[in-house]
Amino acid sequence: MNAAVRACVRMGIYLGCKVYFIREGYQGMVDGGDNIVEANWASVSSIIHRGGTVIGSARCTDFRQREGRLKAACNLIKKGITNLVVIGGDGSLTGANLFRQEWSSLLDELLSTNKISADERKKYGVLHIVGMVGSIDNDFCGTDMTIGTDSALHRIIEAIDAIVSTAYSHQRTFIMEVMGRHCGYLAIVAALASEADCIFIPEEPAELNWQEAICDKLQQVSIIL
């Protein structure tokens, strides 16, 4: 995700935009203050190889309520922000879409309570949002690989490599479960890379006699994903 943050910041600066970090996700947008800080070219130096995100991430119950979204809208307007890049999964992108749909009514309510001026209401009347899918499941169409998938695969293979030596030493079968929900991408690629003997994926449910097939493998060391 840091690579995506870096790309957004530097491309924005290259295009002459003023770019801001919103720390801790929607929570930072609701709280405002020091959570919304201007970023510069050096702000994203030496982060491309690091996992996670340097700007933080947090679940935000406040943003699920209209009152929280009102605070978020007010904080954005005070910073002159009308373009958002949201990196996240289903919850983050669903929240972003709702925020966009309500933007006009949120501004009307802020204007009626004198929290913004009529000039601000007119100037910042449109909110533009770009959504970038951050999901290790790789379950989104239109992209070769969602943000986080490659890192997840590396961690899975590292874990399997560590377990394989134990499996061979003790002549045992190990069953490993990976994430992916309804998408078997992580399981398939990890199985190919680790030479797993069997694999279960949601796209192709196991046959009725799968237990017998597994038992046939118990005489040799194997990895099952």
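Helices (H or I, at least four residues) and strands (E, at least two) are DSSP runs, numbered from the N terminus. Keep that handy for these exercises on a predicted model.

**Exercise 1.** Work out which pattern the protein chain follows along the sequence, and whether the chain is spread out or compact.

*Solution.* Start with the parts list: the protein chain has eight helices and six strands. Walk along the sequence and they come in the order α-β-α-β-α-β-α-α-β-α-β-α-α-β. Now for the overall spread. For 225 residues the globule rule gives 17 Å, but the radius of gyration here is 23 Å, well over that, so the chain is more spread out than a compact globule. You can also look at the box filled by the C-alpha atoms, which is roughly 75 × 40 × 25 Å along the principal axes.

**Exercise 2.** Find how many disulfides the structure holds, and explain why Cys17 and Cys8 don't form a bond.

*Solution.* First, the cut-off: a disulfide needs two cysteine sulfur atoms within 2.5 Å. Next, take Cys17: the closest cysteine sulfur belongs to Cys8, and at 11 Å that's too far for a bond. The final tally for the structure is zero disulfides.

**Exercise 3.** Sort Cys17 and Cys198 by burial.

*Solution.* Buried means under 20% relative accessible area, and exposed means over 50%, with partly exposed in between. Cys17 comes in at 46%, so call it partly exposed. Cys198 has 16%, which makes it buried. For the chain as a whole, buried residues account for 35% of the 225.

Definitions and conventions:
Residues numbered from 1 in each chain as written. Predicted model: local features only at pLDDT ≥ 70, side-chain atom pairs only at ≥ 80, totals over all residues. Heavy atoms only, no water. Rg over C-alpha atoms; globule rule 2.2 N^0.38 Å. Buried < 20%, exposed > 50% of the residue type's maximum accessible area, 1.4 Å probe, protein only.
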